[in-house]
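Work through the exercises below with the sequence and the model side by side, and try each task before reading its solution.

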Amino acid sequence: KNMSKSSTKTITVAIAGGGPSGLTLGRHLGREAPECFEVTIFERGAKDRDQGAGWDVSAEAQASLQRAGVNPQVYQCPGSDNMRFYKAGESDPLTVLRLPPYLERLGVKKAYLGLDECNLETERSKIINALVESLPPSTTVVNDTVISEATQDSEGKMELLGRDGSSLGKFDVVVDASGVSSRLRRTRFTEDADSYYTGKCLLRSTLDNPRKTCSAELSSKLSGTTGFYGPSSDGLGTEEVMLQRFGVHSPKYTLSLTISIQDPQRLVDQLKFEGIHGSTNDPEALQRVKDYVDKRLAAFPSGYREMFDGISSAHVTRVKMHPSYEEAMKSTTPGSDELPFLSIGDALHALPPWSGMSGNYSLQDANDLATALIEEHQKGDWSSESIAIKFRELEKDFSLRTEDRRKEVAWTMDDKDYMSSTPIKDFAMVGRITNKPWSWKDPLQLLIAGFMRCVTFLNRFDNYGVGVL
């Protein structure tokens, strides 16, 4: 192959995926080195697609967005940097993760109490819209485009093919930021390294205004993230209902029900959704969701099922994650080491939502990749070969920084599920976190339980922050 080096030539970059990480990467390159990069972002969804909710953006991810020119005030939900968890029907919470205002006024920082990961919730659409609006002319977004394959020609260029096999263009670099269900992942890894189903689905709905459909008692308990735990319909397990605020200028919440199920398609068929991906606001489909929830939460105290009466959209998320870096590297596609191709974010190292870090790692990847590409161009002698070498280094770095969190949340269908096997009378938050029954002999559980009880106790002096929606 012709690996001729280039000094001043513009690097053409194709990014698969117009989510926060793909757009952030495009924005960094276009903002800091517009004369060096020509970027095309391909997004399979429509321009006005449902953007979903958000997540609590970490300090590192905030720095990446700030570098892209997106101010945190644009996307953060004021007062949402806290979590409260209740047993359904009880007035006091089991656990509160929140820095009490009286301690904050005394100069206490979140990090002092181990709460540095409790960040403000965000509205994903605000992040995406701010990034799209600020993209320079050297960066183009192409919507409604599915990429089926990436190949390399004899000159080292990467060619992207569309759904029908037609060419979408040739590029010096291809970055896959298209998420956990990426089609392009096979460019680098075989099917043995595909994401695997964890045995759990999330039935997620949008609740536009809890004040309209929730009782005053429930509304007062809502915070950034609020969890309610109650008995399963058969009394043998515990059900979890989570509410996560994501509206910046309105009290919008994501209302989620975690469901353990071997075959996720069965759930989709039962709800008569058109597919396992995408969101629906069809009234008949939403009514089926409400009917399903009524049966599933039949043993909850009255008032909790009614939260779903006000939902405006719903979708089913099949929770998947990728194998570890060590396992993935056993299944690389032959010849892919030399490709100027790199996956980032959930396309490389997908973690389940309960990790709380997938979106943050994605933005960190975008930030570090932009820096590396700019430095590579500045060397003055870049080639597809030199970029491929750098990409393999970044691939390892990006993957390994997720490994500790991966080990904490790596559930599979073979694991015994704590929630479905634990009656509500025996339920403990530490068991939910570690996915095993409480034991005084478990040092990790003792450490976690002690931390949570200490922080919850400190919040008791201002009524756990209850009363502010």
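**Exercise 1.** Decide whether Thr-254 is buried, partly exposed or exposed, and find which residues Thr-254 touches.

*Solution.* Begin with the cut-offs for relative accessible area, where buried means under 20%, exposed means over 50% and partly exposed lies in between (1.4 Å probe, protein chains only). Thr-254 has a relative accessibility of 9%, and therefore counts as buried. Next, locate the residue: Thr-254 lies in strand E13 (residues 253-260), where strands (E, at least two residues) and helices (H or I, at least four) are DSSP runs numbered from the N terminus. Finally, list its contacts, which are heavy atoms within 4.5 Å: leaving aside residues up to four places away in sequence, Thr-254 touches Ala-53, Arg-204, Ser-205, Met-242, Leu-243, Gln-244 and Phe-246.

Two remarks apply throughout. This is a predicted model, in which local features need pLDDT of at least 70 and side-chain atom pairs count only at pLDDT 80 or more, while totals for chains, interfaces and linings use all residues. Residues are numbered from 1 along each chain as its sequence is written, and side-chain values use heavy atoms, with hydrogens and water left out.

**Exercise 2.** Work out the strand order of the open sheet of seven strands, and name its edge strands.

*Solution.* Two strands pair if DSSP finds at least two bridges between them, and following such pairs gives the order E4-E3-E11-E12-E13-E10-E14, with mixed pairing. The edge strands are E4 (95-97) and E14 (311-321), each of which pairs on one side only. On average, and with direction ignored, neighbouring strands of this sheet are turned by 20 degrees against each other; the axes are lines fitted to C-alpha atoms (for helices over the stretch in contact), and angles run from 0 to 180 degrees between N-to-C directions. At one end of the order, E3 (residues 83-87) and E4 pair in the antiparallel sense over three bridges, and Phe-85 stands opposite Thr-95 in E4.

**Exercise 3.** Describe how strand E7 is paired, and explain why E7 is largely enclosed.

*Solution.* Take first the pairing with strand E6 (residues 147-152), which is antiparallel and runs over five bridges; here Gln-152 has Met-158 of E7 as its bridge partner. The hairpin of E6 and E7 has five residues between the strands, and Gly-156 in this hairpin takes a positive phi near 90 degrees. Take next the pairing with strand E8 (residues 167-171), which runs antiparallel to E7 and is joined to E7 by four bridges, with Leu-161 opposite Ser-167 in E8. The hairpin of E7 and E8 has four residues between the strands, and there Gly-165 takes a positive phi near 90 degrees. As for the enclosure, four of the five residues of E7 (residues 158-162) are buried, so this strand is largely enclosed by the rest of the structure.

**Exercise 4.** Determine how helices H1 and H5 are oriented to each other, and which residues meet where they pack.

*Solution.* H1 (residues 20-32) and H5 (residues 124-133) pack at an angle of about 25 degrees, with their axes 9 Å apart. Angles under 35 degrees count as roughly parallel, over 145 as roughly antiparallel, 65 to 115 as roughly perpendicular and the rest as oblique, and H1 and H5 are therefore roughly parallel to each other. Pro-20, Leu-23, Thr-24 and Arg-27 in H1 meet Arg-124, Ile-127, Ile-128, Leu-131 and Val-132 in H5. The buried residues of H5 are Ser-125, Ile-127, Ile-128, Ala-130 and Leu-131, and their cover includes H1, helix H2 (59-67) and helix H3 (72-75).
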